[in-house]
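Here is a short set of questions and answers on one model. Each answer works towards the value or name asked for.

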Amino acid sequence: MTTAETSPTVAPERPGSASARMTGRQVAALVVLLASQFMMAADFSVLNVALPEVGTALGFSTGSLQWITTTFALCAAGCTLVFGRVGDFVGRRRIFTVGMLVLTVSSLIGGLADSPAMLLAARTLQGLSTAAVTPAALALLTTAFTEPALRTRALGLNSVMMSSGFSVGAILGGVLTDVFSWRWAFFINIPVALAAILVVPLVVDESRAEQRSRIDLPGAVLITLGLFAGIYGVTRVGENGLDAAAGAALIAAAVLLGAFWAVESRTADALVPVRVLKRPDIAFGNLAALFIFGGETALIFFTGLYVQNVLGLSSLVAGLVLLGIGVGQIIAGTVGPRLLQRVPPRTMLGVSLALQGAFMLPALWASADSRWLIPLIATQFVNAFFSMTAALSFMVIATSSVDTDMQGMATGMATQSQQVGIAIGIPLISAVFAATIGQGTVTAAEQLSGIHVAVGVDAACQIAVGLLLWAVLRRKAAARG
């Protein structure tokens, strides 16, 4: 296996010239891979909208309903890095295709589910398919587009499709559930996944590391179990506070992840070489992803809470409000690659994350008056714009800082950081919200107060981390000369 000590194939500071043109085959590959990412993003929000109907139909209790989402998040976040690295060895297109096949089967099981156990089994398989497909698709993109400007453009379009998938899914979920059934939140995946399985071999070349080595099984087990324990512990804290089960899970996560670091530092064919983790671009970039995606997910959650529980408006209105976030991200994904031709990704990352947090702050003055929806939509549009430029900068840094043989590992680690951020963002900020409003029945005014505090903490964390990243990465870049 080629080590990461060699010069990376793409320097992260300058994405390159905008004059490069895609070939016809590259365009076809881009369409197929972006369609898969769109489907994954849409599927996530489609099912979230359908959750109440699912719970009623299958007999989930109110307390257990969240496991429909948590089961998926545990598998998606816990296994992404492992599948990304396996793709480096056995072939990224092969892993992508197998993941799509698993998605087809799991969607059929979910759509036919007649019990909570059957549905959770389907969600487990869907999480595993997402863990396989997402880093494989990203790695296929980054290896198909090696010219810096084309790679940045492809990653920008990938961001656009994932953002638009989220927005379209929020609307589509309501339509499918109301017109047909919640089961179509699963069935809709099947034709798209089957089409991808048939078309990908025709337009996407296989991609794998030039030098193959054994799979780091101890590292894979430790990182997967460590993330499982950590996400479960954080989710438990968000629901019940720091009880014995949550504390035990968090301690187990710390021990397992510490053991992972020790194993990786002594293993010749490490899942993630420690020397890679010690690189400032990799370490701080993936740290940023936790806040970019966790913070934005929490903001989306509390926006829906504000619109429905404080203003008393419908879920359809909440979905339309969230479209402002989706549109902001789509525009940023389109113009972001051009901005990155002028601003170094390291600078863009820190500044964008700080501004993402700054444009959450106006929500602290939101009142129970529905006229606040207009300024809320406007400020969240700007917030979403900077959230996407931060995400795009992070992805450019993460995939440009290692050589071609490690693209599966790089995209797996980047995707895993996203998934972990999404999985823990809502529980952590919800814990702040719960601590503010207390237990028992609360009024709309008390919920509004809790939302103010929760969003304020969310914003403060992003501003602080964004400024820290800007200072540290700028200093590191200056030290390199």
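Helices (H or I, at least four residues) are DSSP runs, numbered from the N terminus. This is a predicted model: local features need pLDDT of at least 70, side-chain atom pairs pLDDT 80 or more, while totals for chains, interfaces and linings use all residues. Residues are numbered from 1 along each chain, and side-chain values use heavy atoms, without hydrogens or water.

Q: Which helix gives the largest share of the lining of the largest cavity?
A: A cavity is a set of points on a 1 Å grid over the protein atoms alone where a 1.4 Å probe fits but cannot get out; lining residues have an atom within 4 Å of a point. Helix 11 (280-310), helix 14 and helix 16 (444-480) each supply at least two lining residues. The largest share, four residues, comes from helix 11.

Q: How many residues of this lining are nonpolar?
A: The lining includes L299, F302, T303 and Q380. Ala, Val, Leu, Ile, Met, Phe, Trp, Tyr, Cys and Pro count as nonpolar, Asp, Glu, Lys and Arg as charged, and the others as polar. No lining residue is charged and two are polar; the nonpolar ones number eight.

Q: What type of aromatic pair do F359 and F386 form?
A: Rings of Phe, Tyr and Trp (its six-membered ring) pair if their centres lie within 6.5 Å; planes under 30 degrees apart count as stacked, over 60 as edge-to-face and the rest as tilted. By this rule there are four aromatic pairs. For F359 and F386 the centres are 6.1 Å apart and the planes at 25 degrees, and the pair is stacked.

Q: How many residues apart in sequence are the parts that this pair ties together?
A: F359 lies in the loop between helix 13 (345-358) and helix 14 (373-400). F386 lies in helix 14, so the pair ties together parts whose separation in sequence is 27 residues.

Q: Why is the pair of F385 and F386 edge-to-face?
A: F359, F385 and F386 form one aromatic cluster. The ring centres of F385 and F386 are 5.5 Å apart. Their planes stand at 85 degrees, so the pair is edge-to-face.

Q: What arc do the buried residues of helix 9 cover?
A: Buried means under 20% relative accessible area, exposed over 50%, partly exposed in between (1.4 Å probe, protein chains only). The buried residues of helix 9 include A246, A253 and F260. The arc is that of the directions from the helix axis to the C-beta atoms. The buried residues lie on the same side of helix 9, because their arc is only 165 degrees.

Note on methods
On a 1 Å grid over the protein atoms alone, a cavity is a set of points where a 1.4 Å probe fits but cannot get out, and a pocket is an open set with protein on both sides within 12 Å along at least five of seven lines; lining residues have an atom within 4 Å of a point.
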